[in-house]
Amino acid sequence: MLPSQLLLPAAVFALTVLQALASDTFIAAVYEHAVILPDATHKPVSPDDALALMNKNMDVLEGAIKEAAQQGAHIIVTPEDGIYGWRFTREAIYPYLEDIPDPTVNWIPCINPTRFGPAPVQERLSCMARNNSIYVVANMGDKKPCNSSDPSCPSDGRYHYNTDVVFDPEGKLVARYHKYNLFMPETQFNYPKEPEAVTFETPFGKFGVFTCFDILFREPAVVLVSELQVDSVLFPTAWMNVLPFLTAVEFHSAWAMGMGVNFLAANTHRTSMSMTGSGIYAPDGARTYYYNMETEDGRLLIAELNSHPRLSPASPSAVNWSSYAWSAQRSSPNDQDFEGVVFHDRFTFRELTKPEGTVTVCQKDLCCHLSYRMAGKEEDEVYVLGAFDGLHVVEGQYYLQICTMLKCKSPDLKTCGQPVETARTEFEMFSLSGTFGTNYVFPEVLYSGVQLAPGEFEVLNDGRLMSKTRPTKPVVTVTLFGRWYEKD
């Protein structure tokens, strides 16, 4: 122990070192992993067989981590379910779980692997971080015993948690997050009794972490950004793409823009389940992303980000999402309006019958306004302006307000809202706005072939999403995706 007279100089020295290490930028990496899945079974395999399967996946992840570190990455995010997959009943997943302690225990599994019982997965992840001097973010399963005195205790006497772990460059466990908003098929897991807001500090900013479906809910996603003021969000996910505006790359990019943070999204890769789409996103657009429904390849992505994006000169200014739209004339329903379904939600649509013009369509309290000019409309392509104001209730319940200009699947208006990936019609300009009741609005522009449009559109302070390039590339959809958390 240091003598008391040396404590203050030592503290000052430590602070000086930390400040010296602080950086205005950092190199981020994400890895989209084609997960090696176990054989489907309702009965648990042996612990040795479970570890053998997990080591196969960790062999792949370790290769990506080494490559990322060699290219200068400071942190890497790997996918949800990336170590063991998702083919599990509650009983069958048990051999894959480990007891993950609270990070306050100050533990480096690579040095002391058995301190909290057998932990071969945590040991290996810790060593990957330590041996490569990089922060490693991974998703695995946590198990916690409980007893009959706990009224919520499952009948098998234990809690199972879908869990993100973060190891620092020394291999120390610095963060543990239990997923709070479980997707419907995740019956093998429990959700924690209270939502967790997990953050940790680095020399290159403050980070928060959550998982997949969590992004659509206030807790923990909005809490981390709006209340705890994280600079960057780490996002392991197993995202199944849903066109036209819940495809991973477009929604995650839009979320980063709408929330004003860096967003590091690592997806699993399995085309049979429409799983692909990873990226490194900044508030002013995507730095790099990957979307591939043609092959079963994984992909390492690396990009540089500002450590504190809110302080960057390029950081978007505050937006009043309804300012312009409220000044525009409200539209009355007429016989040109019709209903269509987008991902189970009933939109009010109006066809864009002319090559240019101004159109308004309303549903409940939301009116969407569009000004546009096409650069030579393709005769067999139909576009509509749509509005949705209501509660989405299919795989979860959350309140949405959405304004969207989208291409219909065919000239038949009954196909409007069905998934579309390609288009040929370009636009000389478009301007989309809406009378949103929420400040949480995420701007999306999706080009033909599921391509993003970084730097090719802007959001004005009055809430208008406007094109910048003339003409645009062929457009699939232009969307303002509003999430009204307060009304859930």
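Two strands count as paired where DSSP finds at least two bridges between them, and the strands (E, at least two residues) and helices (H or I, at least four) are themselves DSSP runs numbered from the N terminus. These legends describe a predicted model, in which local features need pLDDT of at least 70 and side-chain atom pairs count only at pLDDT 80 or more, while totals for chains, interfaces and linings use all residues. Residues are numbered from 1 along each chain as its sequence is written, and side-chain values use heavy atoms, with hydrogens and water left out.

**View 1. The mixed sheet and the helix across it.** Six strands, in the order β6-β7-β8-β9-β10-β11, make an open sheet with mixed pairing. Its edges are β6 and β11 (285-290), each of which pairs on one side only, and the twist from one strand to the next averages 15°. Within this sheet, β8 (residues 232-237) and β9 (residues 262-267) run parallel and are joined by 6 bridges, with P236 standing opposite A266 in β9. Helix α6 (residues 248-259) lies across β8, β9, β10 (278-282) and β11, and runs at about 20° to β10, where axes are lines fitted to C-alpha atoms (for helices, over the stretch in contact) and angles run from 0 to 180 degrees between N-to-C directions.

**View 2. The three annotated active-site residues.** The unreviewed UniProt entry lists E80, K179 and C212 under "active site", an annotation that may be inferred rather than shown by experiment. Although these residues are spread over 133 residues of sequence, they cluster in space, with a largest C-alpha distance of 10.4 Å.

**View 3. The surroundings of E80.** E80 is found in the loop between β2 (75-77) and α3 (90-93). Its relative accessible area is 2%, so E80 is buried, a class that means under 20%, with exposed meaning over 50% and partly exposed lying in between (1.4 Å probe, protein chains only). Not counting residues up to four places away in sequence, E80 touches (heavy atoms within 4.5 Å) a set of residues that includes K179 and C212, and also P236 and A266, the pair from View 1.

**View 4. K179 and its polar contact.** K179 sits in the loop between β5 (173-178) and β6 (198-202), and its relative accessible area of 1% is why it counts as buried. The side chains of K179 and E80 make a polar contact at 2.9 Å, the term denoting a pair of N or O atoms within 3.5 Å, one able to donate a hydrogen and the other to accept it, with residues adjacent in sequence counted only if both atoms are side-chain atoms. Leaving aside neighbours within four places in sequence, K179 is also in contact with C212, N162, E186 and Y191, among others.

**View 5. T163 in strand β4.** T163 belongs to β4 (residues 158-167) and counts as buried because its relative accessibility is 0%. A polar atom of the T163 side chain lies 2.9 Å from the backbone oxygen of Y161. Beyond four places in sequence, T163 touches residues including I100, N139, M140, R176, Y177 and H178.

**View 6. Y180 in the β5-β6 loop.** Y180 lies in the loop between β5 and β6, as does K179, and at 22% relative accessibility Y180 counts as partly exposed. Y180 and F210 are 30 residues apart in sequence, with their C-alpha atoms 8.6 Å apart in space. The residues that Y180 touches, not counting those up to four places away in sequence, are Y191, P192, E194, P195, D214 and E219.
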